[in-house]
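Trainee: Could you take me through the salt bridges here, one pair after another? I'd like to know who the partners are and how open each one is to the outside.

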Amino acid sequence: MEALILVDIQNDFLPGGALPVPCGDEVIPIANNIQKHFELVIATQDWHPSNHGSFAANHTGKKPGDFIMLDGIDQVLWPVHCVEETYGADFAPGLNTDHITNVFKKGTDPAIDSYSGFYDNGHRKSTGLGDFLKNMNVSDIYIMGLATDYCVKFSAFDALKIGFKTCVIEDGCRGIDLSPGDIKNAFFEIKKAGGTIIKSSSFDR
Ligand code: VGL
Ligand code: ZN
(Lines give C-alpha, C1' and ligand atoms only; values in the text may rest on other atoms or scores of the structure.)
(Ligands and ions follow the chains in the order given, each with its own letter.)
Protein backbone atom coordinates (compact mmCIF):
# COMPACT_ATOMS: atom_id res chain seq x y z
CA MET A 1 0.00 0.00 0.00
CA GLU A 2 1.12 3.54 -0.80
CA ALA A 3 0.70 6.57 1.43
CA LEU A 4 1.01 10.28 0.78
CA ILE A 5 2.54 12.34 3.56
CA LEU A 6 1.83 16.07 3.48
CA VAL A 7 4.51 17.75 5.55
CA ASP A 8 3.78 20.93 7.51
CA ILE A 9 1.55 22.79 5.03
CA GLN A 10 0.76 25.35 7.73
CA ASN A 11 0.10 29.08 7.72
CA ASP A 12 3.35 30.07 9.41
CA PHE A 13 5.36 28.44 6.59
CA LEU A 14 3.51 30.36 3.88
CA PRO A 15 4.38 33.84 2.59
CA GLY A 16 3.21 36.30 5.27
CA GLY A 17 3.67 33.69 8.03
CA ALA A 18 6.11 33.77 10.92
CA LEU A 19 8.69 31.51 9.24
CA PRO A 20 7.80 31.94 5.58
CA VAL A 21 9.16 29.41 3.13
CA PRO A 22 9.61 31.27 -0.18
CA CYS A 23 6.74 30.33 -2.53
CA GLY A 24 5.49 27.84 0.06
CA ASP A 25 1.92 28.50 -1.09
CA GLU A 26 2.74 26.97 -4.48
CA VAL A 27 2.65 23.46 -3.02
CA ILE A 28 -1.03 23.75 -2.07
CA PRO A 29 -2.57 23.11 -5.51
CA ILE A 30 -0.14 20.24 -6.02
CA ALA A 31 -1.14 18.70 -2.69
CA ASN A 32 -4.81 19.08 -3.58
CA ASN A 33 -4.41 17.50 -7.02
CA ILE A 34 -2.25 14.57 -6.06
CA GLN A 35 -4.38 13.25 -3.19
CA LYS A 36 -6.78 11.42 -5.54
CA HIS A 37 -3.97 9.00 -6.42
CA PHE A 38 -3.67 7.75 -2.84
CA GLU A 39 -5.74 5.45 -0.66
CA LEU A 40 -4.08 6.86 2.42
CA VAL A 41 -3.28 10.54 3.01
CA ILE A 42 -1.47 11.59 6.20
CA ALA A 43 -0.31 15.01 7.31
CA THR A 44 2.24 16.29 9.78
CA GLN A 45 1.99 19.51 11.75
CA ASP A 46 4.78 21.44 13.42
CA TRP A 47 3.19 22.04 16.83
CA HIS A 48 5.25 23.90 19.40
CA PRO A 49 4.45 25.09 22.92
CA SER A 50 5.20 28.85 23.22
CA ASN A 51 8.21 28.10 25.48
CA HIS A 52 9.85 25.95 22.78
CA GLY A 53 13.65 25.87 22.88
CA SER A 54 13.99 26.38 19.11
CA PHE A 55 12.55 29.91 19.37
CA ALA A 56 15.21 32.65 19.47
CA ALA A 57 12.83 34.72 21.61
CA ASN A 58 13.21 32.17 24.41
CA HIS A 59 16.99 32.73 24.65
CA THR A 60 18.26 36.05 25.99
CA GLY A 61 20.42 37.90 23.47
CA LYS A 62 19.79 35.42 20.63
CA LYS A 63 18.19 36.09 17.27
CA PRO A 64 16.80 33.84 14.55
CA GLY A 65 19.63 32.18 12.64
CA ASP A 66 21.91 31.96 15.70
CA PHE A 67 22.98 28.53 16.90
CA ILE A 68 22.77 27.08 20.40
CA MET A 69 23.09 23.65 21.97
CA LEU A 70 19.64 22.36 22.84
CA ASP A 71 19.58 19.15 24.88
CA GLY A 72 23.05 18.31 23.55
CA ILE A 73 22.12 18.89 19.92
CA ASP A 74 23.17 21.74 17.60
CA GLN A 75 20.06 23.87 17.10
CA VAL A 76 19.48 26.78 14.74
CA LEU A 77 17.12 29.28 16.32
CA TRP A 78 13.89 30.19 14.56
CA PRO A 79 11.33 32.95 14.88
CA VAL A 80 8.36 31.97 17.03
CA HIS A 81 6.28 29.76 14.70
CA CYS A 82 3.56 27.11 14.69
CA VAL A 83 2.57 27.65 18.30
CA GLU A 84 -0.02 25.02 19.23
CA GLU A 85 -3.66 26.04 18.78
CA THR A 86 -2.81 29.28 16.92
CA TYR A 87 -3.70 30.36 13.37
CA GLY A 88 -0.02 30.01 12.38
CA ALA A 89 -0.12 26.32 13.21
CA ASP A 90 -3.34 25.68 11.27
CA PHE A 91 -3.25 23.99 7.89
CA ALA A 92 -3.25 26.46 5.01
CA PRO A 93 -6.87 27.44 4.34
CA GLY A 94 -6.55 26.41 0.68
CA LEU A 95 -5.36 22.91 1.53
CA ASN A 96 -7.98 20.22 0.99
CA THR A 97 -7.93 18.31 4.28
CA ASP A 98 -11.01 16.15 3.59
CA HIS A 99 -8.95 13.08 2.69
CA ILE A 100 -6.39 13.39 5.48
CA THR A 101 -7.18 10.51 7.82
CA ASN A 102 -4.47 11.07 10.42
CA VAL A 103 -2.38 14.02 11.56
CA PHE A 104 0.93 13.54 13.38
CA LYS A 105 2.16 16.48 15.46
CA LYS A 106 5.83 17.09 16.17
CA GLY A 107 7.96 19.56 18.09
CA THR A 108 5.65 19.35 21.10
CA ASP A 109 8.48 18.87 23.63
CA PRO A 110 9.96 22.29 24.52
CA ALA A 111 13.38 20.72 25.18
CA ILE A 112 14.00 19.30 21.70
CA ASP A 113 13.19 20.18 18.10
CA SER A 114 11.68 17.74 15.66
CA TYR A 115 12.09 18.19 11.92
CA SER A 116 11.17 14.66 10.95
CA GLY A 117 7.57 13.55 11.11
CA PHE A 118 8.78 10.26 12.62
CA TYR A 119 11.18 11.17 15.46
CA ASP A 120 12.57 14.18 17.31
CA ASN A 121 16.03 15.41 16.28
CA GLY A 122 17.70 13.22 18.92
CA HIS A 123 15.73 10.12 17.83
CA ARG A 124 14.56 9.86 21.43
CA LYS A 125 10.81 9.78 20.94
CA SER A 126 8.67 8.57 18.09
CA THR A 127 5.56 10.40 16.92
CA GLY A 128 3.93 7.06 16.15
CA LEU A 129 3.90 7.70 12.40
CA GLY A 130 6.23 4.81 11.53
CA ASP A 131 4.28 2.22 13.50
CA PHE A 132 1.01 3.59 12.17
CA LEU A 133 2.16 3.21 8.56
CA LYS A 134 3.45 -0.32 9.21
CA ASN A 135 0.17 -1.31 10.83
CA MET A 136 -1.60 -0.01 7.73
CA ASN A 137 0.65 -2.24 5.62
CA VAL A 138 2.21 0.75 3.91
CA SER A 139 5.34 -0.14 1.95
CA ASP A 140 5.79 2.96 -0.22
CA ILE A 141 5.54 6.53 0.91
CA TYR A 142 5.40 9.73 -1.09
CA ILE A 143 6.47 12.87 0.72
CA MET A 144 5.83 16.50 -0.19
CA GLY A 145 5.44 19.81 1.61
CA LEU A 146 7.48 22.29 3.64
CA ALA A 147 10.32 22.79 4.10
CA THR A 148 12.50 20.80 1.68
CA ASP A 149 15.72 21.34 3.61
CA TYR A 150 14.27 20.62 7.07
CA CYS A 151 11.11 18.66 7.67
CA VAL A 152 10.84 17.05 4.24
CA LYS A 153 14.51 16.02 4.23
CA PHE A 154 14.55 14.58 7.73
CA SER A 155 11.22 12.83 7.26
CA ALA A 156 12.62 11.19 4.13
CA PHE A 157 15.79 10.11 5.94
CA ASP A 158 13.79 8.50 8.75
CA ALA A 159 11.37 6.84 6.31
CA LEU A 160 14.32 5.28 4.50
CA LYS A 161 15.91 4.16 7.78
CA ILE A 162 12.67 2.51 8.84
CA GLY A 163 12.61 0.72 5.49
CA PHE A 164 9.88 2.39 3.46
CA LYS A 165 10.34 2.82 -0.25
CA THR A 166 10.49 6.60 -0.23
CA CYS A 167 9.70 9.04 -3.03
CA VAL A 168 9.87 12.80 -2.63
CA ILE A 169 7.71 14.85 -4.99
CA GLU A 170 10.14 17.58 -6.00
CA ASP A 171 7.72 20.22 -7.29
CA GLY A 172 5.52 19.59 -4.26
CA CYS A 173 8.23 20.91 -1.94
CA ARG A 174 9.63 24.36 -1.22
CA GLY A 175 12.63 25.08 1.00
CA ILE A 176 14.18 27.76 3.16
CA ASP A 177 17.78 27.80 1.80
CA LEU A 178 19.15 29.41 4.99
CA SER A 179 22.50 28.73 3.33
CA PRO A 180 22.10 28.94 -0.45
CA GLY A 181 22.31 25.43 -1.87
CA ASP A 182 20.52 23.76 1.05
CA ILE A 183 17.51 22.87 -1.10
CA LYS A 184 19.56 21.37 -3.92
CA ASN A 185 21.65 19.47 -1.38
CA ALA A 186 18.55 18.14 0.34
CA PHE A 187 17.39 16.40 -2.85
CA PHE A 188 20.92 15.13 -3.46
CA GLU A 189 21.20 13.72 0.06
CA ILE A 190 17.77 12.09 -0.12
CA LYS A 191 18.85 10.32 -3.33
CA LYS A 192 22.15 9.32 -1.75
CA ALA A 193 20.25 7.80 1.18
CA GLY A 194 18.21 5.67 -1.21
CA GLY A 195 15.20 7.86 -1.91
CA THR A 196 13.68 8.63 -5.29
CA ILE A 197 12.90 12.15 -6.48
CA ILE A 198 9.89 12.39 -8.76
CA LYS A 199 7.69 15.07 -10.30
CA SER A 200 3.98 15.35 -9.55
CA SER A 201 3.34 15.07 -13.31
CA SER A 202 4.41 11.43 -13.15
CA PHE A 203 0.94 10.72 -11.71
CA ASP A 204 -0.82 12.13 -14.76
CA ARG A 205 -2.13 9.50 -17.08
C1 VGL B 1 10.44 23.43 9.98
C2 VGL B 1 12.03 24.87 10.75
C3 VGL B 1 11.49 24.84 12.02
C4 VGL B 1 9.86 22.67 8.83
C5 VGL B 1 9.88 23.38 11.25
O6 VGL B 1 8.66 22.33 8.88
O7 VGL B 1 10.60 22.40 7.85
N8 VGL B 1 11.52 24.17 9.75
N9 VGL B 1 10.41 24.09 12.25
ZN1 ZN C 1 9.37 24.24 14.06
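Mentor: Sure, and keep in mind that this is a predicted model. Let's start with Lys63, which is exposed, as its relative accessible area is 52% and the cut-off for exposed is over 50%. The side chain of Lys63 meets that of Asp66 in a salt bridge, with 3.2 Å from N to O. Asp66 has 19% relative accessibility, so it counts as buried, the limit being under 20%.

Now hop over to helix α3, which covers residues 148-162. Asp158 and Lys161 pair up in a salt bridge there, and their closest N and O atoms are 3.8 Å apart. These two sit three residues apart in the helix, so about one helical turn separates them. Asp158 is buried, at 4% relative accessibility, while Lys161 is exposed, at 62%.

Next up is the bridge from Lys199 to Glu170, where the closest N and O atoms lie 3.7 Å apart. This pair ties together distant parts of the chain: Glu170 belongs to strand β7 (residues 165-174), Lys199 to the segment after β8 (196-198), and their positions lie 29 residues apart in the numbering. Lys199 is partly exposed, with 46% relative accessibility, and Glu170 is partly exposed too, at 30%.

Finally, there's a little group to look for: Asp8, Asp46 and Lys106 are joined into one network by salt bridges that share partners. If you're keeping a tally, the count for the model comes to nine salt bridges.

Key: Residues numbered from 1 in each chain as written. Chains lettered and ligands numbered in written order. Predicted model: local features only at pLDDT ≥ 70, side-chain atom pairs only at ≥ 80, totals over all residues. Heavy atoms only, no water. Salt bridge = Lys/Arg side-chain N within 4 Å of Asp/Glu carboxyl O. Buried < 20%, exposed > 50% of the residue type's maximum accessible area, 1.4 Å probe, protein only. Helix = DSSP H or I, 4+ residues; strand = E, 2+ residues; numbered from the N terminus.
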